[in-house]
Amino acid sequence: VQLQASGGGLVQAGGSLTLSCVASGRSFANYHIGWFRQAPGQEREFVGAITWEFSTQYAESVKGRFTISRDNSENTVHLQMNSLKPEDTARYYCAADRSEVVLVTHDFDYWGQGTQVTVSS
C-alpha cells in the first residue's frame, strides 16, 4: 500500500487543521492506520491510530484535541486537529500495517512522505 499525506500548513495557536492520508492499493479496509509526527531534532512520536475496526487510540498529548476517522470508500484517513499548540509543530506522517502488534509497538510497515504542520504562537 502507498500512502499520501496532505493538509498541512501554517495555523495560529488555538486553530484547527485536518490532515488527510490517502492510500492506494487493495484491501485498505484491512489496514490499521497510524499518525506520527517528528519535530526537528526530536524523535518520531506516535500521535494516534485507527484500527480496521474503527477503534481509535491517541497519545496523551493530543487526547481530547485530535480525532482520527476513516472512510474506507475513499481509502482515506483524516486527522482532525483542534486547539493546536506551538508544540504540535512537526512533520506529520501516516502509516499502515495489517498486524495487530503495531497498535502496541507502533512499528508500522508502510509510510507516507509526511506533511508539515506549523503552529504559530
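Author: Let's start with a word we will need: a residue is buried if its relative accessible area is under 20%, exposed if over 50%, and partly exposed in between, using a 1.4 Å probe and protein chains only. This is a predicted model, where local features need pLDDT of at least 70, side-chain atom pairs count only at pLDDT 80 or more, and totals for chains, interfaces and linings use all residues. Residues are numbered from 1 along each chain as its sequence is written, and side-chain values use heavy atoms, with hydrogens and water left out.

Reader: Is Phe36 buried or exposed?

Author: Happy to help! The relative accessible area is what decides this, with under 20% as the cut-off for buried. Phe36 has a value of 3%, so Phe36 is buried.

Reader: How many aromatic pairs does a search of the whole structure find?

Author: Rings of Phe, Tyr and Trp (its six-membered ring) pair if their centres lie within 6.5 Å; planes under 30 degrees apart are stacked, over 60 edge-to-face, and the rest tilted. With that rule, the search of the whole structure gives a count of four.

Reader: What kind of aromatic pair do Tyr31 and Tyr110 form?

Author: Their ring centres are 6.2 Å apart, with 75° between the planes. Planes over 60 degrees apart fall in one class, so the pair of Tyr31 and Tyr110 is edge-to-face.

Reader: How many residues apart in sequence are the parts that this pair ties together?

Author: Strands (E) are DSSP runs of at least two residues, numbered from the N terminus. Tyr31 lies in the loop between strand E3 (17-24) and strand E4 (32-38), while Tyr110 is in strand E10 (residues 110-111). The pair therefore ties together parts whose separation in sequence is 79 residues.

Reader: Which residue has its charged end over the ring of Tyr31?

Author: A charge sits over a ring if NZ of Lys or CZ of Arg is within 6 Å of the ring centre and within 35 degrees of the ring normal. Here the charged end is 5.6 Å from the centre of the Tyr31 ring, and it belongs to Arg98.

Reader: What kind of aromatic pair do Phe36 and Trp111 form?

Author: The centres are 4.8 Å apart and the planes make an angle of 50°. Phe36 lies in strand E4 and Trp111 in strand E10, so this pair joins parts 75 residues apart in sequence. As for its class, the pair of Phe36 and Trp111 is tilted.

Reader: Which residues form one aromatic cluster with Phe36 and Trp111?

Author: Trp111 is partly exposed, at 29% relative accessibility. Joining Phe36 and Trp111 in one aromatic cluster are Phe46 and Phe108.

Terms used: Helices (H or I, at least four residues) and strands (E, at least two) are DSSP runs, numbered from the N terminus.
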